[in-house]
Amino acid sequence: MESLFGKIRNLDAYPKINEDFYSRTLSGGLITIVSSIVMLLLFISELRLYLHAVTETTLVVDTSRAERLRINFDVTFPALPCSIVSLDAMDISGEQHLDVRHDIIKKRIDAHGNVIETRADTIGAPKIDLPLQRHGGRLEHNETYCGSCYGAEVSDDDCCNNCDEVREAYRKKGWALSNPDGIDQCKREGFLQKIKDEEGEGCNIYGFLDVNKVAGNFHFAPGKSFQQSNIHVHDLLAFQKDSFNLTHKINRLAYGDFFPGVVNPLDGAEWTQHTPNAMYQYFLKVVPTVFTDINGHTIQSNQFSVTEHVRGAELGRLQALPGVFFFYDLSPIKVTFAETRVSFLHFLTSVCAIVGGVFTVSGILDSFVYHGQRAIKKKMEIGKFS
């Protein structure tokens with residue numbers, strides 16, 4: 001047994017030195033303190049990496065099909081009343097959403113940005129108690145109301161019972177509503193008077209659009225839109241104005257749900273109009289993104305980059321539709337983010353590397369200082385050091 005222990009003892013790679021042969025120095029003590037501090041800081045850094053998730057990024061070709069794209073927006077127009085501004089969306093597949101009203105909310109704001117309390121639509125021209133029937137007479141007692149569409153009826157049974165329905169019928173025909181006061185429904189509802197009452201107000205519009213996942217655009221512009229000779233047109237004659245102030249602030253614009261680390265470059269962007277009319281264009285490149293957290297939960301979303309362009313026009317020389325346009329296109333590349341943790345074995349390996357590396361480097365440095373000091377001292381003793 002003793003011979004076995006002796007053989008094992010001969011394999012000792014760490015032979016011990018008798019304390020009588022130790023020589024402790026001041027420089028060695030300082031190097032030990034510094035190396036211990038460095039070792040501790042590196043250990044804490046490695047421990048933080050181990051305890052926190054690490055995000056890995058990969059790029060793959062987007063092979064998804066028949067998906068929808070959700071566009072979340074919050075835009076403020078400090079000088080454009082809510083009764084004037086409308087929202088349209090269209091894409092290259094031919095799908096159109098004109099004068100979108102579902103899933104969006106409009107807030108009337110004053111010149112200082114304060115929200116104005118919603119009030120009933122009773123302000124306007126003198127109210128006519130008896131509406132004008134389609135056949136020309138006034139509404140009689142116990143008679144069903146059916147208002148005229150003023151030539152925009154598709155069939156003889158069509159009725160337009162309010163100003164919006166008349167404007168919608170005109171839009172479908174591709175006609176402009178140039179004189180709202182000549183329309184009984186608009187006159188009774190005080191359409192023009194309501195626009196005048198909102199003069200000087202602004203509008204905050206927020207909500208979301210659910211569109212096809214193909215290239216397209218959506219825009220905020222004054223007037224109701226319609227198609228005329230396959231051209232997208234907005235009816236601006238009804239407002240009887242020569243210019244529209246499209247100064248705006250984009251409080252939020254996101255393509256999809258929020259995920260940790262996402263940066264939307266247009267959040268908080270502002271633009272002030274300096275010409276009577278202008279067409280402001282944003283060109284966005286949307287990148288599909290998948291984020292998977294440490295627990296395996298997946299979020300399907302998007303990121304985007306953007307460039308801007310402005311087309312201004314002087315009074316009476318408008319060559320483009322005044323509005324704020326967002327043109328978006330989809331990237332064929334999908335980005336995936338996956339949160340992972342460093343394995344314990346990797347952490348242990350790193351800690352050993354830190355301890356061994358710092359210990360070795362500090363030993364080399366201590367040896368260099370110690371032998372340097374001895375060489376200088378020896379030369380000083382024999383008088384050769386100057």
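Which residue forms a salt bridge with Arg-108? Select Arg-108 and look along its side chain. The partner is Glu-201, and the closest N and O atoms are 2.8 Å apart. This is a predicted model, so read the distances on this tour as computed from predicted coordinates.

**Stop 1: Arg-108 and Glu-201**

Keep both residues on screen. Arg-108 sits in strand 5 (residues 104-109), while Glu-201 is in the loop between helix 5 (191-197) and strand 6. The two are 93 residues apart, and the pair links distant parts of the chain. Is each end buried or exposed? Arg-108 is buried, at 14% relative accessible area. Glu-201 is buried too, at 9%. Both values fall under the 20% cut-off, so both residues count as buried.

**Stop 2: the whole chain**

Zoom out. Colour by secondary structure: there are six helices and 15 strands. The chain has 386 residues, and buried residues make up 36% of them. Now turn on a contact map. Take contacts between residues at least 6 apart in sequence: 74% of them join residues at least 24 apart. Switch to a surface. About 23600 Å² is exposed, with carbon and sulfur atoms supplying 57% of that area.

**Stop 3: the largest nonpolar core**

Select Phe-218, Phe-220, Leu-253, Tyr-255 and Phe-326. Of the 37 residues in the largest nonpolar core, these touch the most other members. Several strands give two or more residues to this core, among them strand 2 (68-77), strand 3 (85-91), strand 7 (216-222), strand 10 (248-255) and strand 12 (277-292). In soluble globular proteins, nonpolar side chains tend to be buried together.

Centre on Phe-218. Leave out its neighbours within four places in sequence. Its contacts then include Ile-71, Leu-87, Leu-209, Leu-253, Tyr-255, Phe-326 and Tyr-328. Asp-88 is also in contact with Phe-218.

Next, select Cys-149, Ala-152, Cys-163 and Val-166. They belong to a second, separate core of nine residues.

**Stop 4: helix 3**

Cys-163 and Val-166 lead into helix 3 (residues 163-173), where both are among the buried residues. The others are Arg-167, Ala-169, Tyr-170 and Arg-171. Step just past the helix to Gly-174. Its phi is positive, at about 80°.

**Stop 5: strand 2 against strand 6**

Select Leu-69, in strand 2. How accessible is Leu-69? Its relative accessible area is 1%, so Leu-69 is buried. Add Asp-210. The C-alpha atoms of Leu-69 and Asp-210 are 5.8 Å apart, although the residues are 141 apart in sequence. Beyond residues up to four places away, Leu-69 touches Leu-209, Asp-210, Val-211, Asn-212, Lys-213, Tyr-255, Asn-302 and Tyr-328.

Stay with Asp-210 and add Arg-68. Their side chains meet in a salt bridge, 3.2 Å from N to O. Asp-210 is in strand 6 and Arg-68 in strand 2, 142 residues apart. Asp-210 is partly exposed, with 38% relative accessibility. Arg-68 is also partly exposed, at 39%.

**Stop 6: the charged network**

The structure holds six salt bridges. Select Asp-62 and Lys-213 for another of them, with the closest N and O atoms 3.7 Å apart. Asp-62 lies in the loop between strand 1 (54-61) and strand 2, and Lys-213 in the loop between strand 6 and strand 7, so this pair ties together parts that are 151 residues apart in sequence. Asp-62 is buried, with a relative accessible area of 18%. Add Glu-67 and Lys-334. Salt bridges that share partners join Asp-62, Glu-67, Lys-213 and Lys-334 into one network.

**Stop 7: the loop at Ser-331**

Move to Ser-331, in the loop between strand 14 (323-330) and strand 15 (333-340). What does its side chain reach? The backbone nitrogen of Ile-333, at 3.2 Å. Ser-331 is buried, with a relative accessible area of 13%. Setting aside residues up to four places away in sequence, Ser-331 touches Lys-285, Val-286, Val-287 and Pro-288.

**Stop 8: a nonpolar patch on the surface**

Finish on the outside. Select Leu-26, Leu-30, Ile-33, Ile-37, Leu-40, Leu-41, Phe-43 and Ile-44. Together they make a nonpolar surface patch of about 800 Å². Pick out Leu-41, which is found in helix 2 (residues 26-51). Leu-41 is exposed, at 54% relative accessible area.

Key. Residues numbered from 1 in each chain as written. Predicted model: local features only at pLDDT ≥ 70, side-chain atom pairs only at ≥ 80, totals over all residues. Heavy atoms only, no water. Patch = residues over 30% accessible without salt bridge, like charges linked within 9 Å, V, L, I, M, F, W, Y side chains within 5 Å. Areas by Shrake-Rupley, 256 points an atom, 1.4 Å probe, with all protein chains shown as cover. Salt bridge = Lys/Arg side-chain N within 4 Å of Asp/Glu carboxyl O. Helix = DSSP H or I, 4+ residues; strand = E, 2+ residues; numbered from the N terminus. Buried < 20%, exposed > 50% of the residue type's maximum accessible area, 1.4 Å probe, protein only. Polar contact = N/O pair within 3.5 Å; in protein donor to acceptor, adjacent residues only side chain to side chain. Contact = heavy atoms within 4.5 Å. Core = buried A, V, L, I, M, F, W, Y, C linked by side-chain atoms within 4.5 Å.
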